[in-house]
There are 2 protein chains.
Amino acid sequence: MMKSIVSSKYLACLVGSIILNLLFIINIYVGGQWKLSWSLGAAIEAETVAAIYCSGHGRAYLDGLVVVGNKPVCDCNTCFTGPDCSQFIPHCTANADGLDPEYLTARKLPSDQLRDPPASSEALHLASSALVVAGWHQMSYTYGGQSFFSKELAKVVRKVHASVGNAVTQNRFIIFGAGSTQVLSAAVFALSPENTSSPAKVVTSVPYYPVDKQQTQYFSSQKFKYEGDAYRWKNRSDCSSTNMIEIVTSPNNPDGQLKKAIFHGPNVKTIYDHAYYWPHFTPIPAPSDEDVMVFTLSKLTGHAGTRLGWAVIKDETVFNRMMIHMRMNSMGVSKDAQLRAFKLLNAVLEEGIGIFDFAYQTMKSRWERLVQTVSLSNRFSLQENNPQYCTFYNKVRRLSPAYAWLKCEREEDKDCYAVLEAANIIGRQGNLFGAEDGYVRLSLVRTQDDFDILIERLHKLITEEDGDKTM
Amino acid sequence: MMKSIVSSKYLACLVGSIILNLLFIINIYVGGQWKLSWSLGAAIEAETVAAIYCSGHGRAYLDGLVVVGNKPVCDCNTCFTGPDCSQFIPHCTANADGLDPEYLTARKLPSDQLRDPPASSEALHLASSALVVAGWHQMSYTYGGQSFFSKELAKVVRKVHASVGNAVTQNRFIIFGAGSTQVLSAAVFALSPENTSSPAKVVTSVPYYPVDKQQTQYFSSQKFKYEGDAYRWKNRSDCSSTNMIEIVTSPNNPDGQLKKAIFHGPNVKTIYDHAYYWPHFTPIPAPSDEDVMVFTLSKLTGHAGTRLGWAVIKDETVFNRMMIHMRMNSMGVSKDAQLRAFKLLNAVLEEGIGIFDFAYQTMKSRWERLVQTVSLSNRFSLQENNPQYCTFYNKVRRLSPAYAWLKCEREEDKDCYAVLEAANIIGRQGNLFGAEDGYVRLSLVRTQDDFDILIERLHKLITEEDGDKTM
């Protein structure tokens, strides 16, 4: 009897164990996830690198810095050092110069998840934005022998604009370039008159995005010439017969305002740089419907390094001339960048409002901290921020721009950049934007580390100012 | 006793089964290949698309044409159609115009392997060239806040040149661009004099690569101007004091010859376009050691769509000016393209002589078939092909260029392009290369399908010519 019980227990265990065996076998040979062949090695390699722990103050990359053997090491944020980026560098300068799009995915790293498991939505994001590329993927110059540009990517771009409601894309042409930088240049070339003795005047209104000026000057020719601040030309009668090209950065860089064109008329061409026209930076009053509208992945998902921008164009001739520019300049755009954008924008669509809301909440909370800090001071002020109705959120809301346009209010602080530099803060000088040096642009789109240090330094500067006042 | 035997058998089975389960569990949780998390979905997706069968006459891509639902369909080679590209299009035109780098990996597709298992070296190639990219990989404009260009990629480029022996890279600067197209343009801008009243004369010797002319004309300004065939300027005394920039395509496109510069002297700057200076196209007499040497991934591994070229530069000032160009033009180069190149060039290094030999054998056998076909004819001739010593293969060998430079020998065949077109063959007109229209360039770097149809059409044309002769 005893033995019988024992053996029937054995039997039960055996059956259970065999069922488990079968389940494993089914998983291995039938279940999709164990059938991997050629991608397996690369996937393990990528996940291994992604799991390198950098204390939340850095990252390791497959093609990042390699110090010992073949293993990549952590690439640390500005003020951190050490093999795992855990050591803070005292008296480190607050870097508020330029964009570091890591802010968009700050807490979404596999290496961080090892210590701090993510919410399921974040894990989903990681999975949906991952990309696997075969060695032989899209080797040709063109897609199907026809175009340098992916039709499937253009479809996804249209869907994203439709879901956000920030641009009209029906019956419009879409062209891609290496970031909005190359697309803007292509537009200037394409809108310049052919066979003319006097080059088109390219203008931007102060404060303007410095690259527009630098780039137009760099490529200036018989076709076009940079002519500075748009306001300077506004009421000059000799402009009515001149070909003008106005670049309107809206929302503006540096100050985040929804700028409008100054020039209108038959000889005027307008390029709307809508890089920041996304709900995490600005209310969206209505879908934009301009002749030439420029967007970029870098300000949407944060992938600046992918170099993928696009233009939405009404006129076929302008589109064709931009296509010629892209051929002459670089024979199209990296298909790897197009594939990455395709994958990322599909992930954006899958997540719905998710990514915009994550980015908006990040920007909003940073602005709240900044406004609170600056409000303690009489020495500094920030740009205007009048609420507007946003069709994306269906409510009235304020701007939450990528940059603060800080003004030094005291007369003796003419060089605002120097004032901040003395307090260990690096911004960008006002004169680069055509404005006075009483202004400095501070970037709020950098890592959380950079932002935290910026606020700390600003707070110290302002507190000491108060200390002075009480004396 | 009986029960005891049964239960001990049960026990043995149970122990065995438990051990098997443990092995499975160890595999799943400890063994590398079953630890995949965030990359798994993307890997399955990529392998599923790669396994779509296109009869060896096409491919399906993740971002390729989508017809039904979300599943990509086959993108067929020129003369094939149908859902699996199995239907040949009769009387289809032979396309010998331009490059389709698929010829380098023709038999290495997973979908083909399903029917025709690959040699292990090819499977290795597939695995070593596969790439997995996390959604958050390298989002910033720069690497480590410093450069637009990957230092690790530059290291691999140096290693590849060292292993092939085609260029000196020690104590040289390396810069990347969107294909050799953008790099060549950057070099022309960088070598032009600053602050001059007379633009530098940019010249190329006939037959020249058409893009050099088109691109220089497109961007011409106060800095430089395209001035046509270099030979035209050779003996003119007014050139000794003029700034000259000569672009030397060597091996040359269209004719594969190892061209040398025509101009020398203190006012002369030379750009060597070495796109084809790899052992599958040409003997390598010695490592090149020119001031500015331009290379591109498209002619090395065939990844034209990745848009990744580079220059090896002696002079730091020239390097710095090219860096400015890359910033002004496109804020650097797609990091996705750089990562892909990093992965592919590492795969090239891992394979040693393998990939060059595969490509060389392909080119050599195509040339043998072409020479054999054309040798039957008095109407057509091919470019010179004198053997030279190749340091890569340690032997004397002939050229195996990417293009045939076909000449129509009969006086009445002045328009050689039209002669071929009438025979259903599309080449590229001689006048595009600054030569006479008695010449046509035929591309030998397209799919095996395209090459087979080209030879078939040429053979037909030549056989009919012989038929005429006998009458």
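**Exercise 1. Two helices across the chains**

Work out how α10(A) and α7(B) are oriented relative to each other.

*Solution.* Start with the angle: the axes of α10 (residues 316–330) of chain A and α7 (residues 210–218) of chain B cross at roughly 120 degrees and come within 9 Å. Here an axis is a line fitted to C-alpha atoms, for helices over the stretch in contact, and angles run from 0 to 180 degrees between N-to-C directions. Next, check the cut-offs: under 35 degrees is roughly parallel, over 145 roughly antiparallel, 65 to 115 roughly perpendicular, and the rest oblique. So α10(A) and α7(B) are oblique to each other.

Before moving on, some ground rules. This is a predicted model, where local features need pLDDT of at least 70 and side-chain atom pairs count only at pLDDT 80 or more, while totals for chains, interfaces and linings use all residues. Residues are numbered from 1 along each chain as its sequence is written, chains are lettered from A and ligands numbered from 1 in the order in which they are written, and side-chain values use heavy atoms, with hydrogens and water left out.

**Exercise 2. Who meets whom?**

Find which residues of α10(A) meet which residues of α7(B).

*Solution.* Look for contacts, meaning heavy atoms within 4.5 Å. On the chain A side you get I324(A), H325(A), R327(A), M328(A) and N329(A). Their partners in α7(B) are Q214(B), Q215(B) and Y218(B). A handy reminder: an α-helix has 3.6 residues a turn, so residues three or four places apart point the same way.

**Exercise 3. A helix inside chain A**

Compare the reach of α6 (residues 179–191) of chain A with its expected span, then say why it is largely enclosed.

*Solution.* Helices (H or I, at least four residues) and strands (E, at least two) are DSSP runs, numbered from the N terminus. The expected span is 1.5 Å times one less than the number of residues. With 13 residues, α6(A) is expected to span 18 Å, and its reach from first C-alpha to last is 19 Å, close to that. Now the surroundings: buried means under 20% relative accessible area, exposed over 50%, and partly exposed in between (1.4 Å probe, protein chains only). Since 13 of the 13 residues of α6(A) are buried, the rest of the structure largely encloses it. For the bigger picture, chain A has 471 residues, 59% of them buried, and its secondary structure comes to 14 helices and 22 strands.

**Exercise 4. Odd spots in the backbone**

Locate the cis bond that leads into P251(A), and decide whether Q138(A) is buried or exposed.

*Solution.* The cis bond runs from S250(A) to P251(A), with omega near 0 degrees. P251(A) lies in the loop between β12 (244–249) and β13 (268–273) of chain A. In chain B, a cis bond joins S250(B) and P251(B), with omega about -5 degrees. As for Q138(A), its phi is positive, about 45 degrees, although it isn't a glycine. Q138(A) sits in the loop between β8 (131–133) and α5 (151–164), and its 3% relative accessibility makes it buried.

**Exercise 5. A loop residue with distant partners**

Describe the surroundings of D289(A).

*Solution.* First, place D289(A): the loop between β13 and β14 (292–296) of chain A. At 35% relative accessibility, D289(A) is partly exposed. Leaving aside neighbours within four places in sequence, D289(A) touches V168(A), R172(A) and K314(A). V168(A) is 121 residues away along the chain, yet the two C-alpha atoms are separated by 5.4 Å.
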